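Subject: Structure for your files

Dear colleague,

Here is the structure I said I would pass on. Please look it over before reading my notes.

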Amino acid sequence: MKIIDNIKELKEEIKKLKGSIGLVPTMGALHNGHLSLIKRAVNENDNVVVSIFVNPIQFGINEDLDKYPRQLKQDAFLCEKERVDIIFAPKASEMYSDEKNNLTLICPPYEVVDKLCGKSRPGHFDGVCSVVAKLFNLTKADKAYFGQKDAQQLFIVKKMVKDLNFDVEIISCPIIREADNLALSSRNQYLTENDRKLALNISKALFNIKKLFSEGIVDIKALVDVSLKIMEGLDVEYIEFADRNTFNFQTKADRNTIVLIAAKVPESKTRLIDNINLWE
Ligand code: AMP
């Protein structure tokens, strides 16, 4: 496995590869969620590139860019075990020769970014799309693997690929959870013991919605009310019901619904996101 930190060398190595290329874009601090994407990429491609890059242009000014966990050595160990071919782990200065306001960015339409995570994180998805587009160009990936954990991101990246005719297939991978249903996230490292206990109520609320829906309850207000009770003690940023095909908000739950939650835990103030679909 090669660990590459510069664009010139990455391009040279990509040129040498024979067969298909799978890309797994990450910000590192790899956990079993990331590893599920990596395993699938290794299964489905002749070559696999994992990018590890804490992308500064997708972070807002008051967000956790500086404290975001960075553990390249441990990440490299995990990737090597999965038989990844290349880790691309550039510095920010290698990826961006200029300040964000002086870069050419990809900006998804207002309609898809002015809601859910995009609402509290203005510019976030411009940063995500721009780095993902750069990674597609640099790696010439045939397939790229994204987790449903970041459902709005997945929707927006798929839309970008369609709208801009990128020659890459986006593979969406299911959410990996702890035994107690907490969705795995690199940010779980921030949680205090008490935060973690409260954080469990996010997935509890989502699974409860799925159960109530299976019993015939489709009234969103009723489903939201009971969920907010379950999540008492958390600072809920949003709980929304969206159509999986458009990401438009719905008036009634149905078999195309994805339910999305973002909430902050009280002690570490960590912002967590999770979602569940009502079609499986
Ligand atoms: P991140 O490093 O948080 O940017 O995540 C990199 C990729 O891993 C994204 O496509 C995420 O959606 C995906 N991912 C993160 N956590 C999980 C999880 N618990 N299950 C499945 N995929 C995940």
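The notes below go through the domains, the sheets and the empty spaces in turn.

Please keep in mind that this is a predicted model.

Domains

The chain is divided into two parts: domain 1 covers 2-173 and domain 2 covers 186-277. Their C-alpha centres are 26 Å apart. To the contact between them, domain 1 contributes 21 residues and domain 2 contributes 19 residues.

The six-stranded sheet

One open sheet has 6 strands in the order β1-β4-β3-β2-β5-β6, and the pairing is parallel. At its edges are β1 (2-4) and β6 (169-173), each of which pairs on one side only. Direction ignored, neighbouring strands in this sheet are turned by 25° against each other on average. Strand β5 (residues 143-147) runs parallel to β6 and is joined to β6 by 5 bridges. Across this pairing, Ala 144 is opposite Ile 170 in β6.

Two helices lie across these strands. Helix α1 (residues 7-16) crosses β1, β2 (21-26), β3 (47-52) and β4 (86-88), and runs at about 155° to β4. Helix α7 (residues 124-139) lies across β2, β3, β4, β5 and β6, with an angle of about 150° to β2.

The three-stranded sheet

A further open sheet has 3 strands, ordered β7-β8-β9, with antiparallel pairing. Here β7 (235-243) and β9 each have a single partner strand, so one side of each is left without a neighbour in the sheet. From one strand to the next the twist averages 15°. Between β8 (residues 257-264) and β9 there are 7 bridges in the antiparallel sense. Lys 264 has Arg 271 of β9 opposite. Helix α9 lies across β7, β8 and β9, and runs at about 15° to β9.

The second largest pocket

This pocket has a volume of about 480 Å³. Its lining consists of 22 residues, and those that lie nearest its centre are Gln 148, Leu 154, Ile 258, Asn 277 and Trp 279. Two or more lining residues come from each of α8 (151-163), α9 (193-214) and β9 (271-277). The most come from α8, which gives 7 residues. By type, the lining of the second largest pocket has 10 nonpolar, 4 polar and 8 charged residues.

Where does the second largest pocket lie with respect to domain 1 and domain 2? Both domains give residues to its lining, so the pocket lies between them.

The cavity

Counting cavities of 30 Å³ or more gives 1. The largest cavity holds about 60 Å³ of space. Its lining is made up of Lys 149, Leu 182, Ala 183, Ser 185, Asn 188, Ala 199, Ile 202, Ser 203, Leu 272, Ile 273 and Asp 274. The elements that give two or more residues to this lining are α9 and β9. The lining residues of the largest cavity divide into 6 nonpolar, 3 polar and 2 charged.

If you open the model again, α9 and β9 may be a useful place to begin. Each gives two or more residues to the lining of the second largest pocket and to that of the largest cavity, and α9 also lies across the sheet strands β7, β8 and β9.

Regards

Note on methods. Residues are numbered from 1 along each chain as its sequence is written. This is a predicted model: local features need pLDDT of at least 70, side-chain atom pairs count only at pLDDT 80 or more; totals for chains, interfaces and linings use all residues. Side-chain values use heavy atoms; hydrogens and water are left out. On a 1 Å grid over the protein atoms alone, a cavity is a set of points where a 1.4 Å probe fits but cannot get out, and a pocket is an open set with protein on both sides within 12 Å along at least five of seven lines; lining residues have an atom within 4 Å of a point. Grid points are joined across faces, edges and corners, and a volume is the space filled by probe spheres set on the points. Helices (H or I, at least four residues) and strands (E, at least two) are DSSP runs, numbered from the N terminus. Ala, Val, Leu, Ile, Met, Phe, Trp, Tyr, Cys and Pro count as nonpolar, Asp, Glu, Lys and Arg as charged, and the others, Gly among them, as polar. Domain bounds come from an automatic or database domain assignment. Two strands pair if DSSP finds at least two bridges between them. Axes are lines fitted to C-alpha atoms, for helices over the stretch in contact, and angles run from 0 to 180 degrees between N-to-C directions. Contact means heavy atoms within 4.5 Å.
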